[in-house]
Amino acid sequence: MSKKILEVKNLTVHFYTYAGIVKAIEEVSFDVFEGETFALVGETGCGKSVTARAITQLIESPGRIVRGEVYYNPDGERLNLLELPDEEIRTIRGNDIAYIFQDPQSSLDPLYNVGYQVSESLFVHGRVKSIKDGIKKAVNILRTVLLPDPERRVSNYPHELSGGMKQRVTIGIGISNDPRILIADEPTTALDVTVQAQILWLIKEMKKRYGVTVILITHDMGVVADMADRVAVMYAGKIVEVAEVTEVFKNPVHPYTQGLLKAVPNPLKKIERLETIPGTVPSLINPPSGCRFHPRCPEISKVCKEKIPELREVKKNHFVACHNR
Amino acid sequence: MSLSEAEYMVQENSRTLLRVENLKKYFPVKGLFFTKGYVKAVDDVSFTIEKGETFGLVGESGCGKTTVGRTILRLIEPTGGRIVYEGRDVTKFRKNEMGWFRKKAQIMFQDPYSSLNPRQTVFQLVMEPVKHHGIGVDDPEDFVVELLELVGLNEGHLYRYPHEFSGGQRQRIAMARILSLKPDFVVLDEPTSALDVSVQANILNTLKDIQEDMDLTYLFISHDLGIVKYMSHRTGVMYLGKIVEVGESDRLFEEPLHPYTKLLFSAIPVPDPDIEKSKGKIEVQGEPPSPINPPSGCRFHPRCPYAKEICREKEPEFKEIEKNHQVACWLY
């Protein structure tokens, strides 16, 4: 197996709100290997986006990274990203670790044309001498992300482009500095399915061409099946299961993963009745004691209410946090 | 091509609840002084819905599926065409007839956070439609509790406000409101797209149960193929204001005929890595064009891998290829 490019250990992020302390993620640990696509899946509010942002300290007040380490291992080095001062993390963010966010409309600045915005990201990381120099490179970058007619498009403003084209531009900005890790946070949720297919294909293509490691955040099990090599399933701020993608879909072990997979209607299968998970996602201000899934779990035992389950290796490369497995 | 009244009586099958004929809705695009053009949101759409069935409408955003749902209920006035409900033309209804129709036909909206008045309690919310239509209820409290139990809520929720409920529970309140009028027909406009998957499954199952218990007919609008397949008996696929294919759901999903339907089905990632990683994907060309100036002939031709000369020039007619399976495409 290739080397670990990113190691996340006991990452904990809390948000200090008027209503109380929201324990958004608690003791989250996982490794990402070089060249793979690692998917973080879960429902709204499970902490998948917070995890992705905390990797490069992108947590704003009232949120705070309470504990944990994130080791980034480029050639021969080992950096704890959470200990780096602002200046240094800024050179890594965008340069080594780049992001693509869900809504391309809000990640682009409406007042600048897209060529300027691609060029700007090259300029701030010192790849070009001036913004003007960067425009030529921007044309090439926009060509690699298959934006039609890039020579003309560089002078377009975001409002002149469709959602799919805007997302191509943000991917262009993402890959402009040749990053080692690309974190895609719900990159296709705001797009239509046919456009989604194009963007997912593009991300795969960028991965093939530049060998970039992808961390994909999504709630869509279909997208996971299509894109991921390994999957981490999150529930209420904790990782409950980590395994290779076929293993997660064929032999899910955690009761939540099992329930989640059965609750998604597959258009290729005839389903008489969907199985459901009773109840709703708990509040993270007062999360349930012990295993956070216990109030909704069909296989609850006494220990589940009392003790927090640790992530254990139940099979080779298959980790589960459950007392009953 | 509308039929005369006499022809209707012959054609009107006793199983048919709703017949939509050549429905059109054009929205004007205003310039500074003049109307610059029209967005043809719905253009010549026809289909029928039988009693007790669920008819699904799928398509990407902007294809006109929501406009169809709202135009049928006359929440938006149609530009042309007929909507025949139980043999009567809804587009010609006057005020008192509309009152009757509004009781019979209901709609459930996508966003349960904006469809409920935050200042009303559940009791007031559920009683509001009943009061509006002047229906007498012996014991309002009992009446509301009975409805709440039907949709999976209980007596304890009676005097609470919408903000105290989760998205799934709010959608259940919306359901209770709809059922308070004992409707026959309900338009479900993306009822679960604001919800999480684990909650979504619950709501879909409840909708199915209620349909059986109360003998309801549904028009189910969604962009999610898996959900439409699960919910509907028959499905219509929309593209840029037109229905391109209609068929029984099982058959349609097994063997889609229209190139757009094929493209749509291939583009949607299925939750199964074996299928997903091995399936040959149809390469998607371009993006949906603007409905202001739709392409000539078949509206799908600029993106269609099988486009021929005739597709550019003439619009394909809706043809029955096999029993209960119609397609608008020159390939067939």
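This section describes the fold of two chains, A and B, in a predicted model, together with the contact between them.

The overall dimensions of the chains were considered at the outset. Chain A contains twelve helices and twelve strands, and chain B likewise has twelve helices and twelve strands. The C-alpha trace of chain A spans about 65 × 50 × 45 Å along its principal axes, while that of chain B spans about 65 × 55 × 50 Å. A compact globule of 325 residues would have a radius of gyration near 20 Å, and the value of 21 Å for chain A therefore agrees with this expectation. For the 332 residues of chain B, the expected radius of gyration is again near 20 Å, and the computed 21 Å agrees. Buried residues account for 48% of the 325 residues in chain A and for 44% of the 332 residues in chain B. Of the contacts in chain A between residues at least 6 apart in sequence, 61% connect residues at least 24 apart. For chain B, the corresponding share, counted among contacts between residues at least 6 apart, is 63%.

Within chain A, helix α7 was examined in detail. This helix comprises residues 163-175, and its 13 residues should span 18 Å at 1.5 Å a residue; the end C-alpha atoms are 18 Å apart, so the expected and computed lengths agree. Twelve of the 13 residues of α7(A) are buried, and the helix is therefore largely enclosed by the rest of the structure. Among the buried residues are Met165(A), Val169(A), Ile171(A) and Ile173(A), but also Lys166(A), Gln167(A) and Arg168(A). The buried residues of α7(A) pack against several elements of chain A, including the strands β6 (97-100) and β7 and the helices α5 (131-144) and α8 (193-210).

One residue of strand β7 in chain A illustrates this packing from the side of the strand. Leu182(A) lies in β7(A), which covers residues 181-185. Because 23 other C-beta atoms lie within 10 Å, where 20 or more are required, Leu182(A) is classed as buried. Leaving aside residues up to four places away in sequence, Leu182(A) touches Ala98(A), Ile100(A), Gly174(A), Val212(A) and Val214(A). Of these partners, Gly174(A) is itself one of the buried residues of α7(A). The C-alpha atom of Leu182(A) is also separated by 9.1 Å from that of Lys207(A), 25 residues apart along the chain.

In chain B, the strand β7 was taken as a point of reference. Strand β7(B) runs over residues 185-189 and is mostly covered, with five of its five residues buried. Both of its faces are covered: Phe185(B), Val187(B) and Asp189(B) are buried on one side, and Val186(B) and Leu188(B) on the other. β7(B) pairs in the parallel sense with β6(B) (residues 105-108) over four bridges, and Val187(B) is the bridge partner of Ile107(B). β7(B) also pairs in the parallel sense with β8(B) (residues 217-222), in this case over five bridges. In that pairing, Leu188(B) stands opposite Phe220(B). The chain passes from β7(B) through α7(B) to β8(B), forming a right-handed β-α-β crossover.

The contact between the two chains was then analysed. It involves 34 residues of chain B and 37 residues of chain A. On the side of chain B, the elements that give two or more residues are α7 (197-214), α8 (225-231), α9 (249-254), α10 (259-267) and α11 (273-278). The largest share, seven residues, comes from α7(B). By class, this side of chain B has 18 nonpolar, seven polar and nine charged residues. The helix α7(B) thus appears in two settings, as the connection between β7(B) and β8(B) and as a contributor to the contact with chain A.

Finally, local features of the backbone were noted. The peptide bond from Ser61(A) to Pro62(A) is cis, with omega near 10°; Pro62(A) is in the loop between α1 (48-54) and β4 (63-72) of chain A. Asn317(A), a residue other than glycine, has a positive phi near 60°, and is placed in the loop between β11 (312-315) and β12 (318-320) of chain A. With 11 other C-beta atoms within 10 Å, Asn317(A) is exposed. In chain B, Asn324(B) has a positive phi of about 60° although it is not a glycine, and belongs to the loop between β11 (318-322) and β12 (325-328). Asn324(B) counts as exposed because it has 12 C-beta neighbours inside 10 Å.

Terms used
Residues are numbered from 1 along each chain as its sequence is written. Chains are lettered from A and ligands numbered from 1 in the order in which they are written. This is a predicted model: local features need pLDDT of at least 70, side-chain atom pairs count only at pLDDT 80 or more; totals for chains, interfaces and linings use all residues. Two residues are in contact if their C-beta atoms, placed from the backbone, lie within 7 Å. Ala, Val, Leu, Ile, Met, Phe, Trp, Tyr, Cys and Pro count as nonpolar, Asp, Glu, Lys and Arg as charged, and the others, Gly among them, as polar. The expected span of a helix is 1.5 Å times one less than its number of residues. Two strands pair if DSSP finds at least two bridges between them. A crossover is right-handed if, with the strands pointing away from the viewer, the path from the first strand over the helix to the second runs clockwise. The radius of gyration is taken over C-alpha atoms; the globule rule is 2.2 Å times the number of residues to the power 0.38.
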